[in-house]
Amino acid sequence: MLNVALPKGRLGEKVYAMFEKAGFPCPSIKENNRKLIFENEERGVRYFWVKPSDVAIYVERGAADIGVAGKDILLEYEPDIYELFDLNLGKCRMAVAAMAGFRDDTRRTLRVATKFANIASNYYRSKGRDIDIIHLNGSIEIAPILGLSDVIVDIVETGTTLKENNLQVYDTIVPISARLIANKASYKFKGAEIDQILRSMEAQMEEAK
Amino acid sequence: MQTSCERVAQSLRTLYSRYGYRHYKMSKFEEYDLYAKNKDFLVSDNVITFTDLGGKLMALKPDVTLSIVKNSKELPGVQKLYYNENVYRVTKGAHGFREIQQMGLECLGTVDSYCISEVLELAAQSLRSISDETILDISHLGLLAELMNSIGIPADQKGTLVKFISEKNIHELTALCQNAAISPENTALLRELVCTGGAPAQVLPKLESLLAGKVSPTTLAQFTDVIQSLADSDMAQMLRIDFSVVDDIHYYNGFVFKGFVNGLPGSVLSGGQYDKLMKKMKRTDKAIGFAVYMDMLERLEAPGEEWDVDVVLLYDNTTPLPSLRQQVNALTTAGNRVTVQQTIPTDLRYKEIKNLTKGEPTNA
């Protein structure tokens, strides 16, 4: 049985369609109910919906053999997994943003508000900049407005939220998209099925170009 | 009843002794300085420290290999040692320290192809003593390093490239090569190397043609010879060549390997040649070794038994002691697990109650 962790939401639905095309359908997943686990015993596959930021944990810990997770989550938690394929879905970027007109005063420690403490630390360490991380769980954009931080490190899709809050992007840290990931041990023992999915997804991406 | 961990520990002790490895028992503590100097060698930077009575900063051992290298003397020939120790470290994602049982072996001295093949065979046999469904992935950091040099990977990009290789992350590996102006042929070669994995019989010929002219023939020949010597043994079925197995290139050099057991989420065994660590610790000899993470084995335990005991034997102050003793002896001799109680325990799962009291049984 191949266990697949899918991120809840629109991205997960798109990704499921790709798995289905790859020969691993599970019709019950399309039923409108609150179930979280769906199984197609005949095809030997079980899907479960999990919070997008938890997919990597399910895969790393072996509860799921494969899954789809955002690159932001992989960079933040650095799970010990295989990152097999860039699905080019859910594209956005991890960026540094601040109030319009911001200028980095290098005489002071830079205060950085973010949900992604690891990504922010690595980024500023690579630049040798001394920073103070302020870990927030949401509404990061208001931190510079209220003077809580000098900059924020967050995911930027269209930039509309930033604009509406008088913020602008100062630097792009890394582009983000959804990745097909696999548990390392599962890949040893279920490699044939995982490779079948990988090859099909590569072909589907190629077709879509 | 023995747990998986106890059973495996016993068979590993027998296995390692049979190959002439001596048990190496060590102290739980080590001077913190050893770990401060070799932080990158540790799984985690976090170490439990304390000041001893003489004012020295000490640590509860987070790793065994460093202590063995530090405390063993450089002698002629080869020293073969095995250990069964607890280490104290923060595991990834955990919010505190854990005590982890680790068993393994180290081979220090004039390590040659025979020593390497013996250690690899013992790693394979260690896995086999855990389960019938196991895989030993083998790679060679020397080959990888020579390949990176020969195709011109910039020094500051090597660490990142090795990380991508370990993740089988072809898309980012390709992007890195493009940014580093690596030729399309060499990029394709690297991609091929990451994708080339499997049984030695299939992979070795492919590898020889893939790496010919890119790495030293001596390194490639040693890799092939050692793998071939194992592939001819009864371990052949569990061996896989997989270049995504990597370790810190600042400490490890030649063969590196990881063992997997079906049903366990990560590698249960990890090892390699660490001549670079020896050099850092001012030793001129070479070394290879591996560790088995015994704490992971508890996940292989069969589901717990349905019953905690077979019989609850109830007595009170009216029950004559001789007849109580006689009942207990009779039941245990018949192979039952018996608990003698005055009242029925509430959290106990039992098959039956034998009541030696005059009244009705009462619950605790």
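Trainee: Why is the pair Glu172(B) and Arg179(A) called a salt bridge?

Mentor: This is a predicted model. In it, the closest N and O atoms of Glu172(B) and Arg179(A) are 3.5 Å apart. The cut-off is 4 Å between a side-chain nitrogen of Lys or Arg and a carboxyl oxygen of Asp or Glu. Arg brings the nitrogen and Glu the oxygen, so the pair counts.

Trainee: How many salt bridges does the rule find across the interface of chain B and chain A?

Mentor: Four. Ten residue pairs there are also in polar contact.

Trainee: Which elements give two or more residues to the side of chain B that touches chain A?

Mentor: Strand S7 (134–140), helix H7 (170–179) and strand S10 (255–261) of chain B do. S7(B) gives the most, with three residues. By class, that side of chain B has five nonpolar, seven polar and eight charged residues.

Trainee: How many residues does each chain bring to the contact?

Mentor: Chain B brings 20 and chain A brings 21. The area buried between them is about 1,500 Å². Carbon and sulfur atoms give 52% of that area.

Trainee: What makes Lys184(A) and Asp80(A) a salt bridge?

Mentor: Their side chains meet at 2.8 Å, N to O. The limit is 4 Å, so this pair passes too. Lys184(A) lies in helix H7 (residues 184–189) of chain A, and Asp80(A) in the loop between H3 and strand S5 (81–86), so the pair ties together parts that are 104 residues apart in sequence. Over all chains, the search finds 30 salt bridges.

Trainee: Why can such side chains pair at all?

Mentor: Opposite charges can pair when their charged atoms come close.

Trainee: Lys184(A) also lines the largest cavity. What makes that space a cavity, not a pocket?

Mentor: A 1.4 Å probe fits in a cavity but cannot get out, whereas a pocket is open. The search finds one cavity of 30 Å³ or more. The largest cavity holds about 40 Å³, so it clears that size limit.

Trainee: Which residues line the largest cavity?

Mentor: Chain A gives Tyr82(A), Lys184(A) and Lys188(A). Chain B gives Asp137(B), Ser166(B), Ser244(B), Val245(B), Lys258(B) and Phe260(B). H7 of chain A and S10 of chain B each supply at least two residues. The lining has three nonpolar, two polar and four charged residues.

Trainee: How much space lies in the second largest pocket?

Mentor: About 1,200 Å³. Of its 41 lining residues, the closest to the centre are Pro52(A), Asp72(A), Cys92(A), Ile155(A) and Glu157(A).

Trainee: Why does Asp72(A) count as charged and Cys92(A) as nonpolar?

Mentor: Asp is in the charged class and Cys in the nonpolar one, so the two are sorted that way. The whole lining has 18 nonpolar, 13 polar and ten charged residues. Elements of chain A that each supply at least two of them include helix H1 (10–21) and strand S9 (151–156).

Terms used:
Residues numbered from 1 in each chain as written. Chains lettered and ligands numbered in written order. Predicted model: local features only at pLDDT ≥ 70, side-chain atom pairs only at ≥ 80, totals over all residues. Heavy atoms only, no water. 1 Å grid on protein atoms, 1.4 Å probe; cavity = no way out; pocket = protein on both sides within 12 Å on 5 of 7 lines; lining within 4 Å. Points joined across faces, edges and corners; volume = space filled by probe spheres on them. Helix = DSSP H or I, 4+ residues; strand = E, 2+ residues; numbered from the N terminus. Contact = heavy atoms within 4.5 Å. Buried area = accessible area lost by both parts, 1.4 Å probe. Polar contact = N/O pair within 3.5 Å; in protein donor to acceptor, adjacent residues only side chain to side chain.
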